[in-house]
Amino acid sequence: MTQEELFKKLVAHCKEYGFVFPSSEIYDGLGAVYDYGQNGVELKNNIKRYWWDSMVKLHENIVGLDAAIFMHPKTWEASGHLSAFNDPLIDNKDSKKRYRADVLVEDWMAKQDEKIEKEVEKARKRFGEKFDEAQYRATSPRVLETVKHRDEIHARFTKALNDNDLGELRQIIIDCEIVCPISGTRNWTEVRQFNLMFSTQMGSTADAANTIYLRPETAQGIFVNFLNVQKTGRMKLPFGIAQIGKAFRNEIVARQFIFRMREFEQMEMQFFVRPGTEMEWWNTWKERRMAWHRALGFGDDNYQFHDHDKLAHYANAATDIEYKFPFGFKEVEGVHSRTDFDLGSHQKFSGKKIQYFDPETGESYVPYVVETSIGLDRMFLQVMSAAYTEEQLEKDTRVVLRLPACLAPVKAAVLPLVKKDGMPEKAQEIVDLLKYDFNIVYDEKDSVGKRYRRQDAIGTPFCITVDGQTLEDNTVTVRHRDTMEQERVAIDQLYHMVEEECSYRKLYKKLHL
Ligand code: GAP
């Protein structure tokens with residue numbers, strides 16, 4: 001199965017098992033907007049909890065916030081989003097399709113990398129055991145030529161982005177002979193900037209002064225509340241403010257399911273530090289965030305850092321944490337050193353002093369900021385991609401979501417073997433025993449085998465079956481999701497068993513915080 005086929009299956013699985021639905025589907029959906037179903041909302045809430053607890057509960061110097069989506073329009077002037085939150089767009093005149101110019105070039109570069117890897121793999125097969133990969137990469141004329149061309153384009157691309165040179169960006173597309181995937185032609189328009197913020201009107205008159213924006217990042221709600229939190233919480237630097245909430249971007253190239261959406265959720269933490277210490281903290285947060293991802297056990301090699309070629313207008317250092325999705329390594333989270341740009345700018349635009357008096361140095365200053373910013377929906381997709389497994393069994397196949405138990409939407413399914421002889425009543429007693437602390441389902445429909453498969457498909461760690469013996473000795477059959485092993489367990493041990501396996505504690509301990 002190719003990675004593309006795997007991804008298609010994953011998308012279909014998300015819909016079939018109540019994880020993710022297209023928004024307003026009965027009206028044929030709304031581009032790049034999605035709804036979370038009964039299992040999706042549970043998984044999403046569990047991911048939020050993992051993030052929130054590891055930030056707010058496990059760090060004494062990080063507190064939470066829940067700011068409004070609507071903010072004073074001046075916020076976006078101060079933050080630079082009104083003038084600089086743009087994507088460079090290009091249209092193909094024949095297909096009339098619109099693309100992000102930077103994404104066209106990035107895709108072209110990724111193709112060159114694939115070409116190089118294919119050459120290397122071909123040579124590995126040709127030379128067999130004698131193959132010296134390093135030497136081949138250093139001497140093969142074909143590989144060297146592709147690398148040289150790719151690196152030249154990469155250098156031009158980075159410069160064009162940093163200089164905001166839209167003409168050069170177009171020229172790169174022409175020089176790389178990039179064609180529109182729909183029309184197959186190179187008949188391109190000029191490259192134009194397009195602002196990504198959604199606007200709406202507040203109040204009863206359609207007056208331009210009332211134009212407000214749906215926030216494109218949650219971070220600004222934290223910046224404008226810096227003094228409120230610092231003063232009321234008597235917070236001392238360094239300290240952080242964490243927030244989970246919706247953000248909105250009018251993305252032009254919305255693709256790969258919930259990877260790039262127009263309405264999405266972010267989990268952001270702004271960490272305020274003394275000027276001059278920001279690079280140290282940036283490195284610390286890079287490591288902490290990478291450890292957070294790897295603790296989930298989806299394979300350390302599936303994550304990598306990717307430093308930004310083009311820094312955002314507010315940053316002096318930035319890296320992405322990328323995960324190996326079925327469509328390649330892609331960003332899940334950003335760790336940015338945002339300098340004093342935001343607080344300094346809000347100070348200027350609001351005319352209010354936004355400074356911190358440092359009792360250790362006796363000075364007042366605008367703090368520097370290191371932010372960690374992760375898309376909740378993207379994290380959801382990452383977890384689903386990593387967990388989705390098709391397993392060949394002796395007689396058939398099964399689809400199983402190998403989710404860490406604490407993230408699983410349902411912790412245990414309670415199944416009466418038959419719908420009679422007091423088994424449903426006994427099963428209901430077990431549901432009642434567990435339901436106050438865990439999300440439990442009761443299922444009496446179809447054969448036990450089919451019920452197991454349904455639970456595998458949503459990642460339920462335990463299936464608890466009530467049978468004839470249960471009525472005699474108060475034991476049940478517990479079937480484990482990953483190994484499919486079954487064991488006999490006393491009912492009064494069930495709570496402890498589910499609690500032990502599904503607790504977040506084991507995960508938190510891996511973070512060493
Ligand atoms: N406050 C900084 C900030 O917003 P960003 O790199 O633009 O930085 C941070 O976004 C994270 O938000 C990304 O790493 C990604 O996970 C998520 N994100 C951004 N745009 C998104 C979109 N259109 N759909 C889904 N997630 C998105």
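Trainee: Where does Ala32 lie?
Mentor: Keep in mind that we're looking at a predicted model. Two strands frame this spot, β1 (20-22) and β2 (34-36). Ala32 lies in the loop between β1 and β2.

Trainee: What phi does Ala32 have?
Mentor: Most residues other than glycine have a negative phi. Ala32 is not a glycine, and still its phi is positive. The value is about 60 degrees.

Trainee: Which residues are joined by a cis peptide bond, and what is omega there?
Mentor: Most peptide bonds are trans. For a cis one, head to the loop between α10 (226-232) and β9 (239-248), where Pro238 sits. The cis bond joins Leu237 and Pro238, and omega is about -5 degrees.

Trainee: Moving on to helices, how do α2 and α13 pack, roughly parallel or roughly perpendicular?
Mentor: Two packed helices are described by the angle between their axes and the distance between the axes. Here α2 (residues 38-57) and α13 (residues 376-387) have axes 10 Å apart, at an angle of about 110 degrees. Angles of 65 to 115 degrees count as roughly perpendicular. So α2 is, relative to α13, roughly perpendicular.

Trainee: Which residues make that contact, and how many of them are nonpolar, polar and charged?
Mentor: From α2 come Gly40, Leu43, Lys44, Ile47 and Lys48. On the α13 side you'll find Leu376, Asp377, Met379, Phe380, Val383 and Met384. Sorted by class, the contact has three charged residues, one polar and seven nonpolar.

Trainee: What does the side chain of Arg170 reach, and at what distance?
Mentor: Start in helix α8 (residues 166-175), where Arg170 has its place. Leaving out residues up to four places away in sequence, Arg170 touches Ile90, Trp188, Thr189, Glu190 and Val191. Its side chain reaches the backbone oxygen of Thr189, at 2.9 Å.

Trainee: Now for pockets: what volume does the second largest pocket have?
Mentor: Rolling a probe the size of a water molecule over the atoms shows where empty space is left. The lining of the second largest pocket includes Thr2, Gln3, Phe7, Glu114, Gln256 and Phe329. By class, that lining has five nonpolar, four polar and three charged residues. The pocket's volume is about 400 Å³.

Trainee: Which element gives the most to the lining of the second largest pocket?
Mentor: Three elements each supply at least two residues of that lining: α1 (3-16), β12 (317-325) and β13 (328-339). With three residues, the one that gives the most is α1.

Technical notes:
Residues numbered from 1 in each chain as written. Predicted model: local features only at pLDDT ≥ 70, side-chain atom pairs only at ≥ 80, totals over all residues. Heavy atoms only, no water. 1 Å grid on protein atoms, 1.4 Å probe; cavity = no way out; pocket = protein on both sides within 12 Å on 5 of 7 lines; lining within 4 Å. Points joined across faces, edges and corners; volume = space filled by probe spheres on them. Helix = DSSP H or I, 4+ residues; strand = E, 2+ residues; numbered from the N terminus. Nonpolar A, V, L, I, M, F, W, Y, C, P; charged D, E, K, R; others polar. Axes fitted to C-alpha atoms, helices over the stretch in contact; angles between N-to-C directions. Parallel < 35°, antiparallel > 145°, perpendicular 65-115°, else oblique. Contact = heavy atoms within 4.5 Å. Polar contact = N/O pair within 3.5 Å; in protein donor to acceptor, adjacent residues only side chain to side chain.
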